[in-house]
Amino acid sequence: LKSNPSNNEEKEAQTQLTKSDELQRLHSQALSAYQQEDYGAAISLLDEILAVCVWDAELRELRAECYIKEGEPSKAISDLKAAAKLKNDNTEAFYKISKIYYQLGDHELSLSEVRECLKLDQDHKQCFSLYKQVKKLNKQIESAEEFIREGRYEDAISKYESVMKTEPEVLVYSTRAKERICHCLSKNQQATEAIKLCSEVLQLEPTNVNALKDRAEAYLLEDMYEE
């Protein structure tokens, strides 16, 4: 206004000031909703603010936290990826992205994100601890799959049993391991065991195509054609 005190400039300045007051009000409401654990309301308010303040890394991180609480991990990842780009050395964002991918069962993407964190800070305790876990799991799964490709089904079974010991908490890994063990048992003509294990997988995931196919193969071995 000092540099160009025309009517147009004054109108523009007043509009921007009003808008900034409004955004500060929305920000307070969003924080209050977050503290009261009303994450849906917080997300709606943050949507409004971020439509204007597109480059605010902290607000994106807050919205990501709300998405995690609301059980929408893929939306959280998208906000955290933006926050990782907007803020220098944002190890926390990379750690969280890696953790979400890990919980979702995507160990390869989890590994690549946690490496980004360690590139920024090789002494980051949380990232290093997660890195060791994901790397070990990743290696076991890769070598189990290699055994399956080579037709070494007994070795693959024992490797997938190690996977379940390495990660007993996150259900997706033990389910996937059981699915692959069932495949090996079926290929190895161990029909009874295959049927039992595939049935366990299908109780958790009734539409798991691989488990259905492998159980069908096992039923064939047992001459159970109807099944």
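How far apart should the ends of helix H6 be, given its 14 residues at 1.5 Å a residue? In this predicted model, H6 covers residues 107-120, and the sum points to a span of 20 Å. The C-alpha atoms at its two ends are 20 Å apart, so the expected and computed spans agree.

Part of H6 is tucked away from the surface. Its buried residues are His107, Ser110, Leu111, Glu113, Val114, Cys117 and Leu118. What lies over them? The cover includes helix H4 (73-86), helix H5 (91-104), helix H7 (125-149) and helix H9 (171-187).

Two of those covering helices, H5 and H7, also pack against each other. Two packed helices are described by the angle between their axes and the distance between the axes. For H5 and H7, the axes come within 11 Å and cross at roughly 30 degrees. That angle makes H5 roughly parallel to H7, because angles under 35 degrees fall in that class. The handedness can be stated too: H5 passes H7 in a left-handed crossing. On the H5 side, the residues that meet H7 are Thr91, Glu92, Tyr95, Ser98, Lys99 and Tyr102. Their counterparts in H7 are Gln126, Cys127, Leu130, Gln133, Val134 and Leu137.

H7 is also home to Phe128. Is this residue buried, partly exposed or exposed? With a relative accessible area of 39%, Phe128 counts as partly exposed, since that class lies between the 20% and 50% cut-offs. Phe128 and Cys184 are 56 residues apart in sequence, and their C-alpha atoms are 33 Å apart in space.

Next come the charged side chains. Side chains of opposite charge can pair when their charged atoms come close. How many salt bridges does the structure hold? The count is 17, and a few of them are worth a look one by one.

One salt bridge joins Arg63 to Asp79, with the closest N and O atoms 2.6 Å apart. This pair ties together distant parts of the chain: Arg63 sits in helix H3 (residues 57-69) and Asp79 in helix H4, 16 residues apart. Arg63 has a relative accessibility of 12%, so it counts as buried. Asp79 is buried as well, at 2%. Both residues also belong to a bigger picture, a network of salt bridges that links Asp47, Arg60, Arg63 and Asp79.

Arg63 turns up again around Leu50. That leucine lies in helix H2 (residues 39-52) and is buried, with a relative accessible area of 5%. Which residues does Leu50 touch, leaving aside those up to four places away in sequence? They are Asp56, Leu59, Arg60 and Arg63, and two of these names, Arg60 and Arg63, also appear in the salt-bridge network. By contrast, Leu50 and Leu130 are 80 residues apart along the chain, and 31 Å separates their C-alpha atoms.

Another salt bridge pairs Glu72 with Lys75, where the closest N and O atoms are 3.0 Å apart. Glu72 is partly exposed, with a relative accessible area of 29%. Lys75 is partly exposed too, at 41%.

The side chains of Glu205 and Arg176 meet in a salt bridge as well, at 3.7 Å from N to O. Here again the pair links distant parts of the chain, 29 residues apart. Glu205 is in the loop between helix H10 (191-204) and helix H11 (209-221), while Arg176 is in helix H9. Glu205 counts as partly exposed because its relative accessibility is 25%. Arg176, at 33%, is also partly exposed.

Finally, the backbone has a couple of surprises. Most residues other than glycine have a negative phi, and most peptide bonds are trans. Gln189 is not a glycine, yet its phi is positive, at about 65 degrees. Where is Gln189 placed? It sits in the loop between H9 and H10, and at 58% relative accessibility it counts as exposed. Asp223 is a similar case, with a positive phi of about 60 degrees although it is not a glycine. Asp223 lies in the segment after H11 and is exposed, with a relative accessible area of 52%.

Note on methods. Residues numbered from 1 in each chain as written. Predicted model: local features only at pLDDT ≥ 70, side-chain atom pairs only at ≥ 80, totals over all residues. Heavy atoms only, no water. Helix = DSSP H or I, 4+ residues; strand = E, 2+ residues; numbered from the N terminus. Expected span 1.5 Å × (residues − 1). Buried < 20%, exposed > 50% of the residue type's maximum accessible area, 1.4 Å probe, protein only. Contact = heavy atoms within 4.5 Å. Salt bridge = Lys/Arg side-chain N within 4 Å of Asp/Glu carboxyl O. Axes fitted to C-alpha atoms, helices over the stretch in contact; angles between N-to-C directions. Parallel < 35°, antiparallel > 145°, perpendicular 65-115°, else oblique. Left-handed = near helix turned anticlockwise from the far one by under 90°.
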